[in-house]
Amino acid sequence: MGRSNWLEVVGSIFNFSVAYLSAEPIRVLVTGAAGQIAYSLLFGIAKGDVFGKDQPICLVLLDITPMLPVLDGVVMELQDCALPLLKEVIPTDKEEVAFKDLDAAILVGSMPRREGMERKDLLKANVAIFKSQGAALEKYAKKTVKVLVVGNPANTNCLIAAKSAPSIPKENFSCLTRLDHNRARSQVAMRCGVPATSVKNVIIWGNHSSTQYPDVHHCKVNKEGKDLACFDAVKDDDWLKGAFISTVQQRGAAVIAARKLSSAMSAAKAICDHMRDIWSGTPEGEFVSMGVYSTSNSYSVPEDLIYSFPVQIKDKQWKIVEGLAINDFSRCKMDATATELVEERDTAVAFLSA
């Protein structure tokens, strides 16, 4: 190695060390922290995959009281990883501890649907959880906190949390549809025989449920160095308008049928992707899918919903991608998932008011 190259390497190491030593740790909360999604998620956060390779982390882990012994085991494992960015791990069952001075909150924990449970009963139970957590964000967290809701029904849970924290900007709240986005991207990539990185600008519209609409009308596929419209790359319109959509919509159920457990590894990867893009921004010319506040959107989606849109992100602020052409096929599916979200919202807000 020449002297100039050697000096460049030393300089890079010095600059990283200065940044690492000078950066203040950020406080990141994960709820449902003793669960299987969190178990797949925490290592990626703690080693710098999400908030940056030079950003020290204080991880706050919240779960219900009966899960604290399990949480102690998770803490031991994080300690045993000997990760240089992980400055502190705080396990707790108390909201006043968990939500204090947060920079980021990843709300994974929610009430799962149990056998024989009506959907309205599930909504009622989760309204209570996310009303409480929204109030805790309002009372204890920084007003700049970025909140990602993962626990299902994620869109409506996110809306309830946002309504319960009125002094935190609605734009700071989002829900996870990146898992659906990644599923759609992967299905197209496998169909075309290309890496997933060669597929960009798929869109998930609407609810994180079986009514979601995976849309590839604006998707590009890079094949042999050329960007092709997805329909031209796949060359199977019937598949793209039929089996592709239903496969993405039903993928979570398929994983449960095969594993007897819900998606964990892929959900954790999607959470990392979502929060990393919020923190670092989206690549030029690309957009991703996120459930965000629908008010003042240009796609005729009803107001006051958390609805998944294509977004671009810069300086930790998302912006809905404007001006995309919507054909009749897409309009019908976008409206159907919006109808479901309106019904969920109205039921949940009634519980919130009560």
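Let's start with helix α5: at 1.5 Å a residue, its 22 residues should span 32 Å, and the end C-alpha atoms are 31 Å apart, which agrees. This is a predicted model, and α5 is a handy way into it. The helix carries N126, a residue that UniProt lists under "binding site" in an unreviewed entry.

**Helix α5**
- The helix covers residues 119–140, with N126 among them.
- Its buried residues are L122, L123, N126, V127, F130, Q133, G134, A136 and L137.
- An α-helix has 3.6 residues a turn, so residues three or four places apart point the same way.
- That spacing can be followed along the buried set, which includes L123, N126, F130, Q133 and L137.

**The annotated binding site**
- Besides N126, the unreviewed UniProt entry gives D63, V150, G151 and N152 for this feature.
- Of the annotated residues, D63, V150, G151 and N152 are included in the lining of the largest pocket.

**N126 and N152, side by side**
- Is N126 buried or exposed? With a relative accessible area of 0%, N126 counts as buried because the cut-off for that label is under 20%.
- N152, in contrast, is partly exposed at 38% relative accessibility, and sits in the loop between β5 (146–149) and α6 (154–163).
- Leaving aside neighbours within four places in sequence, N126 is in contact with S110, M111, N152, P153 and N157.
- On the same basis, N152 is in contact with S110, M111, N126, N157 and H208.
- A polar atom of the N126 side chain lies 2.9 Å from the backbone nitrogen of M111.

**Nonpolar cores**
- How many residues make up the largest nonpolar core? It has 80, and V30, F51, L59, L61 and I106 are those with the most contacts inside it.
- Helix α12 (residues 265–280) supplies the largest share of this core, with eight residues.
- Apart from it lies another core of 32 residues, including A136, C158, A161 and I306; A136 is also one of the buried residues of α5.
- Not counting residues up to four places away in sequence, I106 touches V28, L29, V30, T31, L41, I45, L148, V150, I271 and M275. One of these partners, V150, is also in the UniProt "binding site" list.

**The C-terminal domain**
- UniProt, again in an unreviewed entry, places "domain: Lactate/malate dehydrogenase C-terminal" at residues 177–351.
- Over that stretch the chain is 46% helix and 20% strand, and the end C-alpha atoms are 25 Å apart.

Technical notes: Residues are numbered from 1 along each chain as its sequence is written. This is a predicted model: local features need pLDDT of at least 70, side-chain atom pairs count only at pLDDT 80 or more; totals for chains, interfaces and linings use all residues. Side-chain values use heavy atoms; hydrogens and water are left out. UniProt positions are given in the numbering used here, feature names are shortened, and annotations may be inferred rather than shown by experiment. On a 1 Å grid over the protein atoms alone, a cavity is a set of points where a 1.4 Å probe fits but cannot get out, and a pocket is an open set with protein on both sides within 12 Å along at least five of seven lines; lining residues have an atom within 4 Å of a point. Helices (H or I, at least four residues) and strands (E, at least two) are DSSP runs, numbered from the N terminus. Buried means under 20% relative accessible area, exposed over 50%, partly exposed in between (1.4 Å probe, protein chains only). Contact means heavy atoms within 4.5 Å. A polar contact is a pair of N or O atoms within 3.5 Å; within protein, one must be able to donate a hydrogen and the other to accept it, and residues adjacent in sequence count only if both atoms are side-chain atoms. A nonpolar core is a set of buried Ala, Val, Leu, Ile, Met, Phe, Trp, Tyr and Cys residues joined through side-chain atoms within 4.5 Å. The expected span of a helix is 1.5 Å times one less than its number of residues.
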